[in-house]
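Got a few minutes to walk through a protein model together? Have the chain open in front of you and follow along.

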Amino acid sequence: MPHKLHQAAYSFACEDMRAHHIAASPIANFYASNLHVPNADRFSETRFYNEWVVPQGVAYAAGAIVLQEGPWQTELYVQRSPAQPPFTGEEMEQLSSLVPHLRRAIQMRQRFTEMQLGQNFLIARDSATNRQLSWEIAQAIRSSRGDGSELNGIVLLPRTDRLPLMLMLMIAPMQLARSRAAQGAALMFAFDPEATPSVTMDLVRRLFALSQVEAELSVALCAGKTPDDVAEKRGTSINTVKSQLKSIFIKTGTKRQSELVSLLLSSPAYFLAQIALPESIRLIGL
């Protein structure tokens, strides 16, 4: 950047009241220029607004500090043109609800980068378990590249006064951007045997395009109920329940009840079961 342009950008940045407000406020929350900046009604009279914001076609802006980790700080900003409406408080709440997910995505990306650089980011306290964990991760990576490495895929992490945490490593095809061919990917899932398996009925319905009744039946099966239990509770015939189960098999691509339960408990419907998602968030591309 030319020196004069750099000086101009720095000068205007010093007058950015929205950025100053975000820096002085609790992180992980979105703040809008038209809602949270002190004296927001006078913002349009400032030099920063007229000489820097307006020439760029921006009327309103919202932003948040998503993550502060060591020397790094990740910020996210959303802008609107004069033809668009101002931000609302409800929109700020919806954006703020996404921050924990964005933070985890950024942290995962950073950890994967560290792994690619040869740095360890998964370390068990027990030396023997740590060696097994490092070995299984290395084997999974090699196996994903198609070198024929044998994959055991199960590591138990001991915990004081609790059942061991189970780590499962597996290989799955993954379609990368701008690539027609599916490539192997090494995936690791962590399971807590003391946690009660559960799925969110609304997510099950939306993920697999099920009806409300089919989603209810699927969740009941995941909870250990049998088709007979469901029929008795509903006061309907077992044939009706079996007919609905056949429809579920077709929609989910499964053939048996055990396959269906396994699919649901490994889907986002299980992993997001404890996360309250706002109604405004929709599952896209499913």
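What follows is a tour of the sheet, the cores, one helix and the salt bridges.

Keep in mind that this is a predicted model. Let's start with the sheet. Three strands make it up: 3 strands in the order 1-2-3, forming an open sheet with antiparallel pairing. Strand 1 (31-32) and strand 3 sit at the edges with a single partner strand each, so one side of each has no neighbour in the sheet. As background, strands in a sheet pair through backbone hydrogen bonds, and they can do so in a parallel or antiparallel way.

Now look at who faces whom. Strand 1 and strand 2 (residues 60-69) are held by 2 bridges. Tyr-31 has Gly-63 as its bridge partner in strand 2, and Ala-32 stands opposite Ala-62. On the other side, 9 bridges join strand 2 to strand 3, and one pairing there puts Ala-64 with Leu-76. What about the surroundings of strand 2? Of its 10 residues, 7 are buried, so strand 2 is largely enclosed by the rest of the structure.

Leu-76 deserves a second look. This leucine belongs to strand 3 (residues 72-80), and with 34% relative accessibility it counts as partly exposed. Together with Leu-98 and Leu-102, Leu-76 makes a nonpolar surface patch of about 200 Å².

Next, the insides. The largest nonpolar core has 18 residues, and the members that touch the most others are Val-204, Phe-208, Leu-217, Leu-221, Leu-245, Leu-260 and Leu-264. Which elements give two or more residues to this core? They are helix 6 (201-208), helix 7 (212-222), helix 8 (227-234), helix 9 (238-252) and helix 10 (257-265). Helix 7 provides the largest share, with 5 residues. There is also a second, separate core of 10 residues, and its members include Phe-30, Ala-64, Leu-67 and Val-99. You've already met Ala-64, as the bridge partner of Leu-76.

Helix 6 is worth zooming in on. Leu-203, Val-204, Leu-207 and Phe-208 are buried there. These four cover an arc of only 105 degrees around the axis, which means they lie on the same side of helix 6. Just after this helix, Ala-209 takes a positive phi of about 55 degrees.

Finally, the charged side chains. The structure holds 6 salt bridges. One of them joins Glu-51 and Arg-47, at 3.8 Å from N to O. Both residues lie in helix 3 (residues 47-53), 4 residues apart, or about one turn of the helix. Glu-51 is partly exposed at 48% relative accessible area, and Arg-47 is partly exposed too, at 33%.

Another salt bridge brings Arg-80 and Glu-91 together, at 2.9 Å from N to O. This pair links distant parts of the chain, since Arg-80 is in strand 3 and Glu-91 is in helix 4 (residues 89-116), 11 residues apart. Are these two buried or partly exposed? Arg-80 counts as buried at 17% relative accessibility, whereas Glu-91 is partly exposed at 24%.

One more pair to find is Glu-259 with Arg-256, whose closest N and O atoms are 2.7 Å apart. Glu-259 is partly exposed, with a relative accessible area of 28%, and so is Arg-256, with 48%. Salt bridges can share partners as well: that is how Asp-202, Arg-205 and Arg-206 end up joined in one network.

Notes:
Residues numbered from 1 in each chain as written. Predicted model: local features only at pLDDT ≥ 70, side-chain atom pairs only at ≥ 80, totals over all residues. Heavy atoms only, no water. Core = buried A, V, L, I, M, F, W, Y, C linked by side-chain atoms within 4.5 Å. Buried < 20%, exposed > 50% of the residue type's maximum accessible area, 1.4 Å probe, protein only. Patch = residues over 30% accessible without salt bridge, like charges linked within 9 Å, V, L, I, M, F, W, Y side chains within 5 Å. Areas by Shrake-Rupley, 256 points an atom, 1.4 Å probe, with all protein chains shown as cover. Salt bridge = Lys/Arg side-chain N within 4 Å of Asp/Glu carboxyl O. Arc of directions from axis to C-beta. Pairing = 2+ DSSP bridges.
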